[in-house]
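Morning, everyone. I'll take the DNA contacts first and the cysteines after that. Here is the model.

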Amino acid sequence: MPELPEVETIRRELAKEIVGKKLDGIKIIGVRRRAKILIIDLINGQSLLFHLKLTGQLLFNSQPGKYTRAVFCFNDGTNLIFNDKIKFGWWKKVKNVSQIEKQFGPEPLEDDFTSEKFQQMLARRKNAKIKPLLMDQKFIAGIGNIYSDEILFKAGIHPLRRVVSLKFNEIEQIFGAIKIVLKTAVKQRGSSIRDYLDIYGKKGDYGKFHQVYHRENQACPKCGEKIKRIKIGGRSAHFCPKCQKL
DNA sequence: CAATCGTCCTGCGGGC
DNA sequence: TGCCCGCAGGACGATT
């Protein structure tokens, strides 16, 4: 499921391929990402937005298939294919992209997302459960089910912990885990759970690094305990009951 | 006000 | 073997 590292991978690859080309005669001036949304900026001030949700794919210079929802043709004969098996994803053209961009929390890999800022953000959400909070796009941008599980495992924090119960040092641990897990996942070009592929149809390598996500009943890589899966607000959370105590 | 619930959609896995 | 049922899952709107 495309989260920050997957969308960022697509962004980087797509920027190399299409910036400077034209779509319906309008020059593409940039490819950006905000949270899990891919943004293609056009010279006329409009932007093309994509949200891949669970099963969306953006394939460069490919052929339409069974699940193709849209095809975008560039002036040089190349194209971009939007596939989406379960139709949760969407794309749209907007005039004021900044309006949409400001609906999200800070970008976790930006330098202005500091541990001081994170401590302040959490101070305002004392009663929240930490895992759903990390997945709240208005709180922090781009983190979904895979990476919230991996971040909390790395930090040694149980997904149901209330913010109020977190010690200063535990928040520092979570902060550090956010940075390193996401950075490493971007480096590995994301995780190919379900249908995720990059624009060349290649899978991401970060799945090999998953410690808990989709590893229910398997041994914890740290202590050997069986990884557990529980439901939190309708979503599944994976964790080690020994390394991540409530 | 903030947390939780239902909804969208469809492939897939489990059970018989 | 094949059918049927129910689950998964991001984000939004409604509800409590």
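Start with Lys87: an N or O atom of its side chain sits 2.6 Å from a phosphate oxygen of DNA strand B. That is a polar contact, meaning a pair of N or O atoms within 3.5 Å. Before going on, the ground rules. This is a predicted model, where local features need pLDDT of at least 70, side-chain atom pairs count only at pLDDT 80 or more, and totals for chains, interfaces and linings use all residues. Residues are numbered from 1 along each chain as its sequence is written, chains are lettered from A and ligands numbered from 1 in the order in which they are written, and side-chain values use heavy atoms, with hydrogens and water left out.

Back to the phosphates. Lys129 places a side-chain N or O atom 2.5 Å from a phosphate oxygen of DNA strand B. For Arg125, the distance from a polar side-chain atom to a phosphate oxygen of the strand is 3.1 Å.

Who else surrounds DNA strand B? Tyr67, Lys85, Ile86, Phe88 and Ala128 join Lys87, Arg125 and Lys129. Of the strand's atoms within 4 Å of the protein, 67% are sugar or phosphate; the rest belong to bases.

Now the cysteines. How many disulfides does the structure hold? Zero. A disulfide here is a pair of cysteine sulfur atoms within 2.5 Å. Cys223 has its closest cysteine sulfur in Cys240, at 3.6 Å, so they are too far apart for a bond. Cys240 is buried, at 0% relative accessible area. Cys223 is partly exposed, at 30%. The cut-offs: buried is under 20%, exposed over 50%, partly exposed in between, using a 1.4 Å probe and protein chains only.

Conventions:
A residue is near a molecule or strand if one of its heavy atoms lies within 4 Å of it. A polar contact is a pair of N or O atoms within 3.5 Å; within protein, one must be able to donate a hydrogen and the other to accept it, and residues adjacent in sequence count only if both atoms are side-chain atoms.
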